[in-house]
Amino acid sequence: MVTQVKKVCWDSRRLWLDALTLGKRKKERGGDVAFPDMIYDRTLADVEAGNAKGFYNIADLNRVGQAVAWLGTAFNQYCYPVVVTPKVDWLMTDFPNQSDMAVYLANITALITAYYVPVEIPSLPSGMAGLDYEKANAIEKILADLKKLFDNMLVAFFYSGVFYAGEELVL
């Protein structure tokens, strides 16, 4: 799946109206995937207990892929151009290779580069070899933080006055 770069930016009033109706329009269109719940609270106890959070598997790869796809589409729609190629259909029979994982991390790097990211976010692992629960948490925390920043931007459209800017001006 490739998220295309959108070339045209809309005016702020249109952006704000889109932000208000984003959830409703997604339901009406159908087929759009909601942003997945990211898991970034894994602990050493999860690893030692061998529970679902203690392993990194296809569910995690697909969840991160879906989050990357969602953010790529959203960023492009709101004039933060980014090209990502997330894989969202990992199967139990798939064996991710080094090239797959390089693209996996490059997609997240592309999102970070395309958007504002505060200093306090965790560092993205340089590779997937030797992935531990802290690095897995970092990957998903970065995506959750990007989503939170994006949501805050949408809410800020109204509060910044862009919706009413120039409304009473008579030319």
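How many salt bridges does the structure hold? The structure, a predicted model, holds 9 salt bridges. Several of them are followed below, after an outline of the fold.

The protein contains 5 helices and 0 strands, and its elements run α-α-α-α-α from the N terminus on. Of its 171 residues, 36% count as buried. The exposed area is about 10,300 Å², and carbon and sulfur atoms supply 59% of that area. Among contacts between residues at least 6 apart in sequence, 74% join residues at least 24 apart.

The salt bridges can now be taken one by one. In general, side chains of opposite charge can pair when their charged atoms come close. Arg-42 and Asp-60 form such a bridge, with 3.0 Å between the closest N and O atoms. This pair links distant parts of the chain, for Arg-42 sits in the loop between α1 (12-29) and α2 (44-49), whereas Asp-60 belongs to helix α3 (residues 58-77), 18 residues apart. Arg-42 counts as buried because its relative accessibility is 4%, under the limit of 20%. Asp-60 also has a relative accessible area of 4% and is therefore buried.

A second bridge joins the side chains of Arg-63 and Glu-140, at 2.8 Å from N to O. Arg-63 lies in helix α3 and Glu-140 in helix α5 (residues 133-159), so this bridge ties together parts that are 77 residues apart in sequence. Both Arg-63 and Glu-140 are buried.

A third bridge lies within helix α5, between Asp-151 and Lys-147, whose closest N and O atoms are 2.6 Å apart. Why are Asp-151 and Lys-147 separated by about one helical turn? The reason is their spacing, because they are 4 residues apart in helix α5. An α-helix has 3.6 residues a turn, so residues three or four places apart point the same way. The two partners fall into separate accessibility classes: Asp-151 is partly exposed, with a relative accessible area of 29%, while Lys-147 is buried, at 15%. Returning to the pairs described earlier, Arg-42, Asp-60, Arg-63 and Glu-140 are joined into one network by salt bridges that share partners.

Attention turns next to helix α4. Helix α4 covers residues 98-114, 17 residues in total, and reaches 24 Å from its first C-alpha to its last, close to the 24 Å expected at 1.5 Å a residue. At the start of α4, a side-chain oxygen of Asn-97 comes to within 3.0 Å of the backbone nitrogen of Ser-99. Which residues of α4 are buried? They are Met-101, Tyr-104, Leu-105, Asn-107, Ile-108, Leu-111 and Ala-114.

Ala-114 leads from helix α4 back to helix α3 by way of Asn-76. Asn-76 lies in helix α3, and the C-alpha atoms of Asn-76 and Ala-114 are separated by 9.4 Å, although the two residues are 38 apart along the chain. Is Asn-76 buried or exposed? Its relative accessibility is 2%, so Asn-76 counts as buried. The side chain of Asn-76 also reaches the backbone oxygen of Val-82, at 2.9 Å.

Note on methods
Residues are numbered from 1 along each chain as its sequence is written. This is a predicted model: local features need pLDDT of at least 70, side-chain atom pairs count only at pLDDT 80 or more; totals for chains, interfaces and linings use all residues. Side-chain values use heavy atoms; hydrogens and water are left out. Helices (H or I, at least four residues) and strands (E, at least two) are DSSP runs, numbered from the N terminus. Buried means under 20% relative accessible area, exposed over 50%, partly exposed in between (1.4 Å probe, protein chains only). Contact means heavy atoms within 4.5 Å. Accessible areas come from the Shrake-Rupley method with a 1.4 Å probe; for residues, only the protein chains shown count as cover. The expected span of a helix is 1.5 Å times one less than its number of residues. A polar contact is a pair of N or O atoms within 3.5 Å; within protein, one must be able to donate a hydrogen and the other to accept it, and residues adjacent in sequence count only if both atoms are side-chain atoms. A salt bridge is a side-chain nitrogen of Lys or Arg within 4 Å of a carboxyl oxygen of Asp or Glu.
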